[in-house]
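Dear colleague,

I am passing the structure below on to you, together with my notes on what was found in it. Please read the notes with the model open beside them.

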Amino acid sequence: MTQETVAAATDAVLDREETISRDELEALQLSRLQHTVAYAYDRVPLYKRKFDEAGVHPTDLRELSDLGKFPFTTKDDLRLEYPFGMFAVPQHEVARIHASSGTTGRATVVGYTKKDLADWAKLVARSLRASGVRPGMKVHNAYGYGLFTGGMGAHAGAEALGCTVIPISGGQTERQITLIQDFKPDAILATPTYLLTIADAMMKQGIDPASTSLKYAVLGAEPWTEEMRHELETTMNIKACDIYGLSEVMGPGVAGEAVETQDGSHIWEDHFRPEIIDAFDPTVVLGDGQPGELVFTSLTKEALPIIRYRTKDLSRLLPGTARPAHRRMGRITGRSDDMIILRGVNLFPSQIEEIALRIPELSPHFQLELTRPEGQRMDQLTVRIERRDAVTTEGSAAAAKILQQQIKIHVGSSCSVDVVEPGSLERSNGKLRRIYDMRPKG
């Protein structure tokens, strides 16, 4: 990927809201926030109940810092109001419904008016444009379609930008490769681990992943590291940027990364007000630069306004760069509900990925297995990770020892490392499962 290509990708007409000053943006936020809080109180019974119980009223919001007086919304609230209790508009005004899989409990349901869908498409288009995608490009969309917001959200945004969309969805990796070769797309939208799966499958077919027409990848829906970015960019000769979102807040496009800086996703603060709180003491609102749990309040949503939604994603807020008025998110280091507590030490899969990809003999394909051997009180962690193709048995053993030592040094906990054959671990068809908890229940 040449510097000329990156420079061309930055030559774009921006939305007015991308170029306003921070003072103008915060004035807009306050106006929209005051409207949203009153709108939610008047139209959503759960918010009226929660505000009243907390002893706050929409008129108490006189400046942006007053948002901290209002109660949080959690996934449990959405599950409690299943299916449509969080909607602020009558059913006939809901143009589309999405929902979570419900694999870990009752599904969370979200709705959109026609205006919500138009705003969503605009923000995804803004995110794609920031990441180098341009009108007229062919976009290969490998996010899953259906009730998951990723596929249709990305699709609508690419169309709104003026791209030609190839809506293949997730899975069918062999067909993905065929269409990439035949249709010659300029950009691909996928989870980072699924793009890695596609690259691996190409190599197995004797295709050089760096030889395709792809120039840009816009990747999201799971945490990934700078080491993974380097792996994908080097392997596929692309520029890879992050896109952030979650269904309860909107879907993809809440924030997007600029290709010219690749230093974290700018949050589109004309539509969302972010906060960082202490994940273990949510009464503590943290300042910019401090790591904690992301919280979002929507500023323009009609069907499902969301007030101080606890995402469980762990990050920090940083000053804007490519879009100076809009603050950036630091990379998601993990989710508070994905955190492994191993002998009193907090550990995230992204930490293992970051360490492993610095060891040349090891691949990005790994799993974390938690066990508690019979008769023992201490949990055991085993890292199962594939070696690179050309690595010998002796090289694998040496790499396992290095990884074990580096985890002990940088994470502070002991573990076992099992280096396995290439291709032996499960591959991603979308979101990849990293943690296998084999501990006895109860």
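To begin with one strand pair, strand β10 (residues 272–278) and β11 are joined by three bridges and run antiparallel, with I276 standing opposite L286 of β11. Please keep in mind throughout that this is a predicted model. The pair belongs to an open sheet of five strands, ordered β11-β10-β12-β13-β16, in which the pairing is antiparallel. Its edge strands are β11 (281–286) and β16 (334–335), each of which pairs on one side only. Helix α3 (residues 22–43) lies across β10 and β12 (292–298), and its direction makes an angle of about 90° with β10.

Helix α3 also packs against another helix, namely α4 (residues 45–54), at an angle of about 105° and with the two axes 5 Å apart. Since angles from 65 to 115 degrees count as roughly perpendicular, α3 is described as roughly perpendicular to α4. On the α3 side the contact is made by V37, A40, Y41 and R43, and on the α4 side by P45, Y47, K48, F51 and D52.

The second sheet is also open, but it is built from nine strands in the order β4-β3-β5-β6-β7-β8-β9-β15-β14, and its pairing is mixed. At its edges stand β4 (164–166) and β14 (317–318), each with a single partner strand, so one side of each is left without a neighbour in the sheet. An antiparallel pair in this sheet is that of strand β9 (residues 265–267) with strand β15 (residues 328–329), which are held by two bridges, and here H266 stands opposite R328 of β15.

Which residues of strand β6 are buried on its two sides? Strand β6 (residues 216–219) is covered on both faces, with Y216 and V218 buried on one side and A217 and L219 buried on the other. This fits the general pattern, in which the side chains of a regular strand alternate between the two faces of the sheet. Strand β5 (residues 187–190) runs parallel to β6 and is joined to it by four bridges, and A187 has Y216 as its bridge partner in β6. Between these two strands the chain passes through helix α9 (residues 192–204), in a β-α-β crossover that is right-handed. With strand β7 (residues 239–246), β6 again runs parallel over four bridges, and the partner of V218 in β7 is C241. A right-handed β-α-β unit is likewise made by β6, helix α10 (residues 226–236) and β7.

Two further helices lie across strands of the nine-stranded sheet. Helix α6 (residues 114–130) lies across β5, β6, β7 and β8 (251–257), running at about 30° to β8, whereas helix α7 (residues 149–161) lies across β3 (138–141), β4, β5 and β8, at about 60° to β8.

Helix α9 takes part in a helix pair as well, packing with α8 at an angle of about 75° and with the axes 10 Å apart; the two helices are therefore roughly perpendicular to each other. Their contact is formed by T173, E174, Q176, I177 and I180 of α8 together with Y194, T197, I198, A201 and M202 of α9. Of these residues, T173 deserves a separate note: T173 is in helix α8 (residues 173–183), and T173 counts as buried because its relative accessible area is 14%, under the 20% cut-off. The side chains of T173 and Y194 are joined by a polar contact of 2.9 Å, and the residues that T173 touches beyond four places in sequence include N429.

Finally, some backbone details may be worth a look, given that most residues other than glycine have a negative phi and most peptide bonds are trans. Y82 and P83 are joined by a cis peptide bond with an omega of about -5°, and P83 lies in the loop between α5 (75–80) and β1 (96–99). N237, which is not a glycine, has a positive phi of about 55°; N237 is in the loop between α10 and β7 and is partly exposed, with a relative accessible area of 35%. Q262 also has a positive phi, near 45°, and lies in the loop between β8 and β9, but Q262 is buried, at a relative accessible area of 16%.

With best regards

Definitions and conventions
Residues numbered from 1 in each chain as written. Predicted model: local features only at pLDDT ≥ 70, side-chain atom pairs only at ≥ 80, totals over all residues. Heavy atoms only, no water. Buried < 20%, exposed > 50% of the residue type's maximum accessible area, 1.4 Å probe, protein only. Pairing = 2+ DSSP bridges. Right-handed = clockwise from strand over helix to strand, strands pointing away. Contact = heavy atoms within 4.5 Å. Axes fitted to C-alpha atoms, helices over the stretch in contact; angles between N-to-C directions. Polar contact = N/O pair within 3.5 Å; in protein donor to acceptor, adjacent residues only side chain to side chain. Parallel < 35°, antiparallel > 145°, perpendicular 65-115°, else oblique.
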